[in-house]
Amino acid sequence: MLSSQIKSNEIEFGSCNKDLLEEIIFYGMGLGADFVEIFIENTDNASVLAEEDHITSVSPSFGRGAGIRIFKDKRDGFVSTNDLSKHGLMRSVSQAIEMLDITDKNNVEVFNGLNKHRDYSLSKKTWIDEVPSIHEISEKLLVSTKSLKKNNKIITRKGSYSRNLQEIIIASSDGTYASDIRLHQTVGLNVIASDAQYRSNGSRRFGSSGMPNEFRFWDHEKAANDVFESSMNMLYADYVEAGQMPVVLANKFGGVIFHEACGHLLETTQIERGTTPFENKLNEKIAHESVTAIDEGISEGSFGSLSVDDEGMEPEKSVLIKDGILKKFISDRAGELRTGHKRTGSGRRQNYSFAAASRMRNTYIAKGEH
């Protein structure tokens with residue numbers, strides 16, 4: 001479990017906070033809110049950077065706070081705080097109410113208390129002890145950067161590791177009461193190659209969700225060979241002529257292209273802003289009939305997978321495009337309220353100081369005939 005200094009009458013991670021959370025939510029509903037949501041976060045992060053044959057940076061960081069969101073009709077107000085006491089949370093609720101200028105206290109919405117606690121963290125409490133130590137990470141990064149030195153054309157070698165361990169509590173006036181522990185790890189290699197007037201770079205980054213031991217099984221030699229080969233190919237590559245031409249999207253980076261070119265435009269956040277051409281295209285053909293596109297948060301170990309989203313909903317497999325036909329949008333709570341598209345377990349936050357938004361999880365094009 002993540003360590004934290006607990007004050008009296010304050011949210012405590014790893015304990016039942018039901019009475020206190022219910023009191024905060026009742027307070028917000030009594031001030032006229034249609035919906036009250038509390039997101040509480042505790043983080044333990046670390047990053048390590050190796051340059052050439054030296055560790056040049058070790059950066060641990062810790063964070064702790066809460067985000068309070070209030071809905072009234074289709075409007076919402078959001079306030080974040082580092083004060084997790086009863087007084088601090090109630091003050092944040094009051095500030096969110098004031099943001100929406102709520103004066104009518106005759107609220108027709110009813111809060112019947114929180115549901116039974118859904119604790120997704122039970123099997124994850126040992127993760128903080130199982131992840132590699134800074135010493136172990138540093139040793140492997142140095143071995144990795146050393147293996148990048150394959151000829152005198154490589155002039156810069158870097159390796160980096162990042163870990164984010166996040167403990168969360170989610171409670172809201174629809175009865176949602178859930179907690180979880182999440183772990184994301186990434187590791188990457190980067191080189192710059194140079195020969196006379198030619199210059200190129202090569203890089204690879206790998207990530208996982210959960211799996212505290214994953215870094216120990218990382219094949220750094222294969223990664224170094226891939227990065228080196230890529231940099232050498234690019235060092236003497238010809239320039240590509242401008243113009244329109246057929247394009248083949250390979251695996252891996254092809255997913256990034258789809259993510260940026262189409263995936264974001266299928267988020268209800270974009271519908272709310274009026275920034276997607278697909279807003280009125282549901283059940284219409286928007287792609288070649290060979291395209292079936294999926295967004296899901298359930299593949300074990302994948303970077304976008306999770307047990308519960310940042311609004312307390314379990315993730316699902318969402319078929320966005322089926323045989324070229326637009327079937328579904330990626331939706332969060334605000335998206336459902338304002339656009340009518342049902343939530344898909346896609347409410348995500350950058351951290352506690354941000355309100356949730358509809359965001360992709362694991363997004364890919366399904367295997368087809370081509």
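Here are some notes on two helices, an aromatic cluster and a small sheet in this predicted model.

1. Starting with helix α1 (18–30): the geometry checks out. Its 13 residues at 1.5 Å apiece should span 18 Å, and the end C-alpha atoms are indeed 18 Å apart. Right after the helix comes Gly 32, with a positive phi near 110°.

2. Which residues of α1 are buried? They are Leu 20, Leu 21, Glu 22, Ile 24, Ile 25, Gly 28 and Met 29, so you will find a Glu in that set along with the Leu and Ile residues. The cover over these buried residues includes β1 (35–51), α2, β5 (154–172) and β6 (177–195). As a reminder, an α-helix has 3.6 residues a turn, so residues three or four places apart point the same way.

3. Helix α2 (residues 86–99) passes the length check too: for 14 residues at 1.5 Å each the expected span is 20 Å, which agrees with the 20 Å between its end C-alpha atoms. Just past this helix, Asp 101 has a positive phi of about 55°.

4. The buried set in α2 is Gly 88, Leu 89, Met 90, Ser 92, Val 93, Ser 94, Ala 96 and Ile 97. What do the buried residues of α2 pack against? The partners are α1, β2 (54–72) and β3 (75–81). The contact with α1 shows up from the other side as well, since α2 is among the elements covering the buried residues of α1.

5. On to the aromatics. There are 6 aromatic pairs in the structure. Take Phe 206 and Trp 218: the ring centres are 6.3 Å apart and the planes meet at 50°, so this one counts as tilted. With Phe 206 in strand β7 (residues 198–209) and Trp 218 in the loop between β7 and α5 (220–235), the pair ties together parts that are 12 residues apart in sequence.

6. Are the two rings' residues buried or exposed? Phe 206 has 32% relative accessibility, so it counts as partly exposed. Trp 218 is at 10%, and therefore buried.

7. That pair belongs to a cluster: ring pairs link Tyr 161, Phe 206, Phe 215 and Trp 218. Phe 215 also has a charged neighbour, as the charged end of Lys 140 sits over its ring, 5.4 Å from the centre. If you plan to look at the side chains here, that is a spot to bring up on screen.

8. Last, the sheet. It is open, has 4 strands in the order β10-β9-β8-β13, and pairs antiparallel. At the edges are β10 (325–326) and β13 (362–365), each of which pairs on one side only.

9. Inside that sheet, β8 (residues 293–296) and β9 are antiparallel and joined by 4 bridges, with Asp 295 partnered by Ser 318 in β9. Strand β9 (residues 317–322) also runs antiparallel to β10, with 2 bridges between them, and here Lys 322 is opposite Ile 325.

10. How many residues lie between β9 and β10 in their hairpin? There are 2, and Asp 323 in that turn has a positive phi of about 50°.

Notes:
Residues numbered from 1 in each chain as written. Predicted model: local features only at pLDDT ≥ 70, side-chain atom pairs only at ≥ 80, totals over all residues. Heavy atoms only, no water. Pairing = 2+ DSSP bridges. Expected span 1.5 Å × (residues − 1). Buried < 20%, exposed > 50% of the residue type's maximum accessible area, 1.4 Å probe, protein only. Contact = heavy atoms within 4.5 Å. Phe/Tyr/Trp six-rings, centres within 6.5 Å; stacked < 30°, edge-to-face > 60°. Lys NZ or Arg CZ within 6 Å of the ring centre and 35° of its normal.
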